[in-house]
Amino acid sequence: MSVDLSTEYLGLKLRSPLVAAASPLTGDLDGLRQIEEAGFGAAVMPSLFEEQIEAEEMLVAKLQDHGAESFVEASGFFPPLEDYNIGPQKYLELIEQAKKTLKIPIIPSLNGVSTGGWLWYAKRFQDAGADAIELNVYYLATDPGTSCDTVEQRYIDLVSSIRSVTSIPLAVKIGPQFSSLPNFAKRLREAGADGLVLFNRFMQPDIDLETLEVRPGLQLSTSSELLLPLRWIAILSGRVDLSLAATTGVHQRDDVLKLLLAGANVATMASALLRNGIDHGARVLTAVRTWLEENEYESVRQMQGSLSQRHSADPDSFERANYMRAITDFTAP
Amino acid sequence: MRKVTVDGNEAAARVAFLTNEVISIYPITPASPMGELADAWAAQRQTNIFGAVPQVAEMQSEGGAAGAVHGALQAGALTTTFTASQGLLLMMPNMFKIAGELTSTVFHIAARTVATHALSIFGDHSDVMAVRSTGWGMLAASSVQEAQDMAMIAQMATLKARVPFLNFFDGFRTSHEVNKIALLEKEDVQALIDDDLVIAHRDRALNPDRPVLRGTAQNPDVFFQAREACNPFYQATPAIVSAAMNRLADRTGRQYRLFDYFGAADAERVIILMGSGVGAAKEAIAKLNDQGQRVGMVAIRLFRPFCTKSLIKALPASTRIIAALDRTKEPGATGEPLYQDVLTAVCEAWSETHKAAQPRVVGGRYGLSSKEFTPAMIAGLFDELKKDAPKNHFTIGINDDVSQTSLPWDDAFSTEREADTRALFYGLGSDGTVGATKNTVKIIGENTDLHAQGYFVYDSRKSGAVTVSHLRISREPIESSYLIDRANFVGCHQFNFLEKMDVLSFAEEGATFLLNSPYDAATVWDELPRDVQQVVISKRLRFYVVDALTVAREAKLGGRINTVMQTCFFALSKMLPQAEAIDQIKQAIKKTYAKAGETVLRRNYDAVDGALAALCEVSVPKEATSQHARSSALSDNSPDFVQRVTAMILAGHGDKLPVSALPVDGTFPTATAKWEKRSIAQEIPIWDAGICTSCGLCSVACPHAAIRMKAYPERILSSAPEGFRTRVYRGKEIEGQMSMTIQVAPDDCTGCGVCVDLCPARSKEVVKHKAINMQAKSEHLERERSNFDFFLSIPSAPRDKVKRDTVKGSQLFEPLFEYSGACAGCGETPYLKLLTQLFGDRMVVANATGCSSIYGGNLPTTPWTQNAEGRGPTWSNSLFEDNAEFGFGMRLAVDQQQALAQHIMQETLADDPLVAEIISAPQETEADIIAQRQRVEKLKSQLKGDQHAHLMAVADALVDRSVWIVGGDGWAYDIGFSGLDHVLASGRNINVIVLDTEVYSNTGGQASKATPRGAVAKFAASGKSTPKKDLGMIAMAYGNVYVAQIALGASPRQTIRAMLEAAAYPGPSLLIAYSTCIAHGIDMSTSQSHMQLAVKSGYWPIYRYVPQTAGMGQPFQLDCRKPTVSFKEFALQEARFSMLARSNPKEAERLFALAQQDINERWQFYSQLANVERAVVHD
């Protein structure tokens, strides 16, 4: 019996529930081609960062103005160039090329926090042929004067802004630190989001003891990190009218299966691919298929959300029960 | 016909690009932009009228460029070049050849002063007049329009006449003036060039299929006759030029004649001139004739071949007196060239055309080095010509109180049109004022029926340079070839200018005054100096303020206030309806930053919108209330010459100095930069004595000698001002228990931040707090001024008591190079400063033209200074190309003087034991030098009058002098290389330091042979494809040359060691010093620390090659470790490399890979070299 691996995500029909998350592997055409060949349902391109867009654009302007007209003998210090290939240009070209040569949905990603001019790139994504947009919001509230309402409103405004200039599906990738995630998810939906991606992993800076400098660092995830998105997907599944994607901690067959049971529309994978290569995705998919076959599932859709909080025999287990059981089961040595 | 706004260089270069196949270039101000444009257009694959992309090739000098032109012409290509001044002179030998061979070509010349008593980059005709004997046709353009049109006419004529042509126009006044012109489209150019003449040119090419011999040597029997054989061609040329002018007129409606007459048909007084002065003269003549006078002017278009008949025909029969005006000077001649030509023409041919009496001819000079030439001066000249015995060989525009040549004029005479807008904008080089004004000219010129003209004046500083933009807007074409001195709009874009200069001196009554002010309309009045308040009241100015910095910052544009100020100008000048103006500004922004993207556009749009909201009119009180006057830029303690002359130049009144005020031979005092207090930094470094480790890195790295270190006995502190910082000196470089201070010179610091970036000492409690920290100057200025004054009064450590071969030790010596106007963060100047600390009191410097000669020797002040004994570096600049030879000559002279002194001593004072002591004394250490000085002083005190006059004159040379040849890579690698090679081969005791910025920095970053592979530079817009020349290896090949490659910020210790070794080595020494530069596109606050990456990546391996004079040994010593960082990691931190990665990623990938291979290969080679033994062979 052939198992139907297809799923629906953001209103898009995907051939499998495994999506390549944003990583350097999805940043060029070769990588995207391999991802398609490995059987992934879709690919999310690396984030185009607000800071990066603005910095690059300002840099080009700065280069143009660098030392210009400041000294009588030098009109400037660089020749004018015809093309500066700033990040967004290359990015947009990649969307176009990918759409021309590949069949799987291509989802470009925008990463930022403000409602500035950079959001216009969402429209450019759409014009370039993108199937959907992933908005990756990276915001750390460091000012004690900033309330959680202000922070949440910022997200809502961002989603509304993008929605106002685009018509393709929009997924919002957020972190886990919200006081009432279901309510916030509902508001995002109302603002125009079509899906949630749970959860993004923030860069964790480290300290270099030799130089006493702060060094940026990004550790690859492990399977143990799966449990946080797993819980929230289970809670949100069926409660909000949003597609749900799990990210962080998706490494093995079991991770994918658990997420689907909890209610994820897709599971997205990045760290495992960076560690093991793109073929790893194909192996996981084969294993998922085998498991489904062995367990007599007809399709992915059949199992999706079957163990969500709403459908769980023990809904409380996704809330405090976990904690209680952990205490209860604990046996002192 | 399409109207565009361009400058003269672009106007000429466009025709040159369209009509040529080979373009051979070399940078020289003010012609460089023509080559830059040609290179950029070729890089963009633009084509000429033959459908091909011209080949643009940079050569090693103008001589080389001319040689390449000559060769390309001989091989049949239509070929051109662009140059000026010394560059043109270097082309002379080839120009004689090209003309002698009757070869069609046009050189485009931004005419510039030839260096005499001083270098000047500005415009006059001394260069083109110097080559008038070469046999080239010479067409003079007097405006931006004509720079284009004469380029066309010259190209048409040269193909027909076979006489090569110069198309020349005045440097800066025309080459850099932006004006609205009618463009010759490509089709026009195509239509005006005859194909058969082009083919005929190609047919004359060397071709082995029909071989010829050209360039023979001839003997007395035939040379003369053969030289005369060209005469018919020259005779035919004026008619050919005239025909070309007529063809241009048929196509464009613009009619030129060989000699164009303007003025009254019955004029009695006529002036004759050429170049940009024509514009001012036309205006004066029109006004004088309106007043009922009868005056006129002949504007010369074709100066060579000089058509006597045409000139005489152009003159009205009523002409009674002619004044020929030369923009050049020929000392000792019977008159300047144009005067002599006119005189000859009138004498030879007047009576053939006119029956009236032959007019009198006088001649005079004007406008040398872009000296202003105004309608008022021309009116003054016409007044002189009314006299029965008008002055001949006069000057106009200066006050010659020595030879009494100058004519008076009345500045009240003005030809400015009442209805025109005349705006002056005072800005900083870095604030975008000039760019915004150029933009305004474009907006007006290309989108309205109005005419617009922009001209830009800069001071000679590279950091904190003040720019004054002159903008005229009119319903009529603008030919006013002089600065605005009656402005109806003045924009002051920096508030602190009000404290330093008189920005309102040229404001007319009732003018609009727009001030960028941190204070709002309600409070600004009280912040103005009293003199400014008085002028605002007395001239009844309409006074507006805008806090442009805040608007720019809110729009996230940093300090770029240009958009804000431009918007306010449009709003206040009402040149266009406000909505239209805003729209046009935004369109212009879109055009300028189209390649940058949405963010840049949006931020600029925000600045435009924010500007209008922030613009406020100030209600001007009836009386001045301020208690403070404008501060003097000059210290009151300065010496007489500085007070009399330098102060005037600094105040912007240099034009008023009479001839008698200036040195007759170009000799100026040193030690003058210290009197000028520019105070340009917003933040200055403040020392935290508690954390400091006394390492001296801040001091050694400071490009401006504005952070200094002194060690002193504690007792000195008894008279220290309150708040003077001190700590115990940690180190063994000086004997005894010492205190120390690191002190900022608060008014001399540029705020570059290099010292803070390099400081290794951090607070244990707050990591970002270092031993020096940038802090707001306003909070520290008064205290630091007082601290610095006291610091200066502390005696420097005795030179013989300090270990000089360490960073700390070297920094205890007084720098004798201070407060230069170099760029903030300059990578060159710390080397020069360090040299002066080590050898300054006996240093003789030959300085190649370039950045170092400009920040070192451009008036008004010089950073080369003197110690308490009055000793210090003595400095001179000869040319660009000859600096090694120039310094070599100095060495010869110094050696000769020492030998002469020794000889006379031995001959006349043989019995005096002091003589033997002096001759045999070692002069290696500081103690040796001090002892030798004492001996020589003792000797001099014993010498008697006439008997020892010669010995007295040369006795100082008995103390060894340290001769240093200083220059940049453009000089050492390219134009001066053959001389450098010769001097290195000489075996003589000379020291060369190459301040290697890897581009021609002074002229704006053109590629040199020092430019690395993969870097984008002007003249290498596609990225340089060949590797950097290894100058060090070439020098090492001699075996007896000391060579070191150094990078101060990477290893100051190695740099110091190399300098000491080079100076001590009795033969030739070459130091190649990595010099970070604004042209690299790095954050210049990291200019020293960035060198560490250059060395770690192997991009700049540091080494020393110490010739083994005592027998076999390993002379080559690598002073750095094997590269640990990739080239790419280093390169992508610099815009010059990362630009290529953006513009052409594939090519960048290829070139970066090759550059990495260059590094790997070189490292392997150097590693092997380190094990090779060699010895210097000597007697």
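Helices (DSSP runs of H or I, at least four residues) and strands (runs of E, at least two) are numbered from the N terminus. The model is predicted, with local features needing pLDDT of at least 70 and side-chain atom pairs pLDDT 80 or more, while totals for chains, interfaces and linings use all residues. Residues are numbered from 1 along each chain as its sequence is written, and chains are lettered from A in the order in which they are written.

A helix pair in chain B makes a friendly starting point. Helix α11 (residues 277-290) of chain B packs against helix α14 (residues 375-386) of chain B at about 60 degrees, their axes lying 8 Å apart; axes are lines fitted to C-alpha atoms, for helices over the stretch in contact, and angles run from 0 to 180 degrees between N-to-C directions. α11(B) is therefore oblique to α14(B), a term for angles outside the ranges under 35 (roughly parallel), over 145 (roughly antiparallel) and 65 to 115 degrees (roughly perpendicular). Among the residues that meet are Ala280(B) and Leu288(B) in α11(B), and Ile378(B) and Phe382(B) in α14(B); contact requires C-beta atoms, placed from the backbone, within 7 Å. The residues of this contact comprise 8 nonpolar, no polar and 2 charged.

Chain B also holds an open sheet of 7 strands in the order β9-β11-β10-β13-β14-β15-β16, with mixed pairing. Two strands pair if DSSP finds at least two bridges between them. Strands β10 (residues 269-273) and β11 (residues 295-300) of chain B pair in the parallel sense over 5 bridges; Ile272(B) has Val298(B) in β11(B) as its bridge partner.

Between the chains, 35 residues of chain A contact 40 residues of chain B. Helix α2 (residues 50-65) of chain A supplies the largest share of chain A's side, 9 residues.

Definitions and conventions:
Two residues are in contact if their C-beta atoms, placed from the backbone, lie within 7 Å. Ala, Val, Leu, Ile, Met, Phe, Trp, Tyr, Cys and Pro count as nonpolar, Asp, Glu, Lys and Arg as charged, and the others, Gly among them, as polar.
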